[in-house]
Protein chains: 2
Amino acid sequence: MVKQDRAIRTRHNILTAAAKVFEERGYQAATINEILTEAGVTKGALYFHFPSKEHLAQGVLSEQDQRMPVPERTCKVQQLVDTVVLQAYGLQTDPMVRAGVRLSLDQQAQGLDRSGPFLRWSEVGTELLEKARAQGELLPHAVPAETADVLVGSFAGVQAMSQALCDYQDLLRRVSALLRHVLPSVVMPAVLAAVDITENRGGAVHAELQHLAEQQKATAG
Amino acid sequence: MVKQDRAIRTRHNILTAAAKVFEERGYQAATINEILTEAGVTKGALYFHFPSKEHLAQGVLSEQDQRMPVPERTCKVQQLVDTVVLQAYGLQTDPMVRAGVRLSLDQQAQGLDRSGPFLRWSEVGTELLEKARAQGELLPHAVPAETADVLVGSFAGVQAMSQALCDYQDLLRRVSALLRHVLPSVVMPAVLAAVDITENRGGAVHAELQHLAEQQKATAG
């Protein structure tokens, strides 16, 4: 158990170091040696967990969608909104999320398959929208997979624009504007009227998750 | 006149070379020497037009929004749609457009102000949407600058997703889906019903512009 804990910690240290180096240098220019120095682990430990630079990048890419998920909501459109705004909040506050999103947009990263996060987020969105449709929350013509793809692609660009213009200061406002523009085309008006898409939602969902995590810890301990 | 022509040609050659090098290597890793070699011009000529790497990058960045504009349309929403789909078509076919868009998303480009294309496209969109509103094409609550920002940011991400997933093969379909999701939230239904947002629109607008350019050349000659 102790050994396993240590392996998890080492893996986490390596990924944190990789995230930092990829973010500063880009995938193409980053070297395993830089990541080694940053992580302060042995070469053997690093190669045990990640046999190549691409494995390190894929590790960072998949971290961004393995954060604690939004709790189940009765309204599936709200759950979708909460998933989106929580990711926006993570971009502002969590270096690992930031590194993963940037890496998936690194168009100079030759030989790195960057499709993973797009496809996984698309699946998450499609699943939530299909549940929303089954509950009668969507307009009749809505196609869950298409709307999910539009949201995932748009989110990637809106975050890039916010980063280029003001280093994410207006990100939550921009994401709220995106949702207010896309959702009315696919969600029943009466459902949408009860959904919170304001720019404070990201922080509220994050606080809720932290509270839940503390409760779980208290119960476990 | 001949001298001026040559200067324009040299400047164009340098920018084409810079676009190629930036796209292959990313802003951070690219060097002026590589661009010199690719362009096949003298150091003096290059520095005369572009005194630094950032100047070269800004040159590539501003090329993407200095292509021939969409002709005036009676319906301003159609003109906006045509501007968006023409840019998508350019991404598929014009290396300079591609290099400019990728450079503006290069989050590893330290010291390069990438806000220009976002702000300029945002202005173009805002102006068209303000004209659309003046003509009664928009829903009463629409805020032109906000919708323009959503479109510009979303477009940047949708193109990145299409590039990551299939090297732009489905770009026109994805951009059409984006417009079908965003426009109903701000455009009067009767106006939208008459707007062409199909995925063939990009090619049609491009052909129209080529035809116009040929006509102009014939008149000038």
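**View 1. Contact between the two domains of chain A.** In this predicted model, 12 residues of domain 1 of chain A are in contact with 14 residues of domain 2 of chain A, two residues being in contact if their C-beta atoms, placed from the backbone, lie within 7 Å. On the side of domain 1 of chain A that touches domain 2 of chain A, the elements that give two or more residues are α1 (2-29) and α4 (53-63) of chain A, where helices (H or I, at least four residues) and strands (E, at least two) are DSSP runs numbered from the N terminus. The largest share of that side, 8 residues, comes from α1(A). Its residues divide into 5 nonpolar, 4 polar and 3 charged, with Ala, Val, Leu, Ile, Met, Phe, Trp, Tyr, Cys and Pro counted as nonpolar, Asp, Glu, Lys and Arg as charged, and the others, Gly among them, as polar. The domain assignment gives domain 1 (2-60) and domain 2 (76-220) of chain A, with bounds that come from an automatic or database domain assignment, and the centres of these two domains, taken over C-alpha atoms, are separated by 27 Å.

**View 2. Crossing of helices α5 and α11 of chain A.** The axes of α5(A) (residues 76-93) and α11(A) (residues 201-220) come within 8 Å and cross at roughly 90°, which makes α5(A) roughly perpendicular to α11(A), a class that covers angles of 65 to 115 degrees. Axes are lines fitted to C-alpha atoms, for helices over the stretch in contact, and angles run from 0 to 180 degrees between N-to-C directions. From α5(A), V81(A), D82(A), V85(A), L86(A), A88(A) and Y89(A) meet R201(A), G202(A), G203(A), V205(A) and H206(A) in α11(A), and by class this contact has 6 nonpolar, 3 polar and 2 charged residues.

**View 3. The contact between chains A and B.** A rotation of 180° with 0.0 Å of shift along its axis superposes chain B on chain A, with an RMSD of 0.0 Å, which is the relation of a two-fold axis; copies are superposed by least squares on the C-alpha atoms of residues with pLDDT of at least 70 in both. The same surface serves both copies, since 100% of the contact residues of chain B recur in chain A. The contact takes 35 residues from chain B and 35 residues from chain A, and on the side of chain B that touches chain A the largest share, 16 residues, comes from α8(B).

**Numbering and confidence.** Residues are numbered from 1 along each chain as its sequence is written, and chains are lettered from A and ligands numbered from 1 in the order in which they are written. In this predicted model, local features need pLDDT of at least 70 and side-chain atom pairs count only at pLDDT 80 or more, whereas totals for chains, interfaces and linings use all residues.

Note on methods. Angles under 35 degrees count as roughly parallel, over 145 as roughly antiparallel, 65 to 115 as roughly perpendicular and the rest as oblique.
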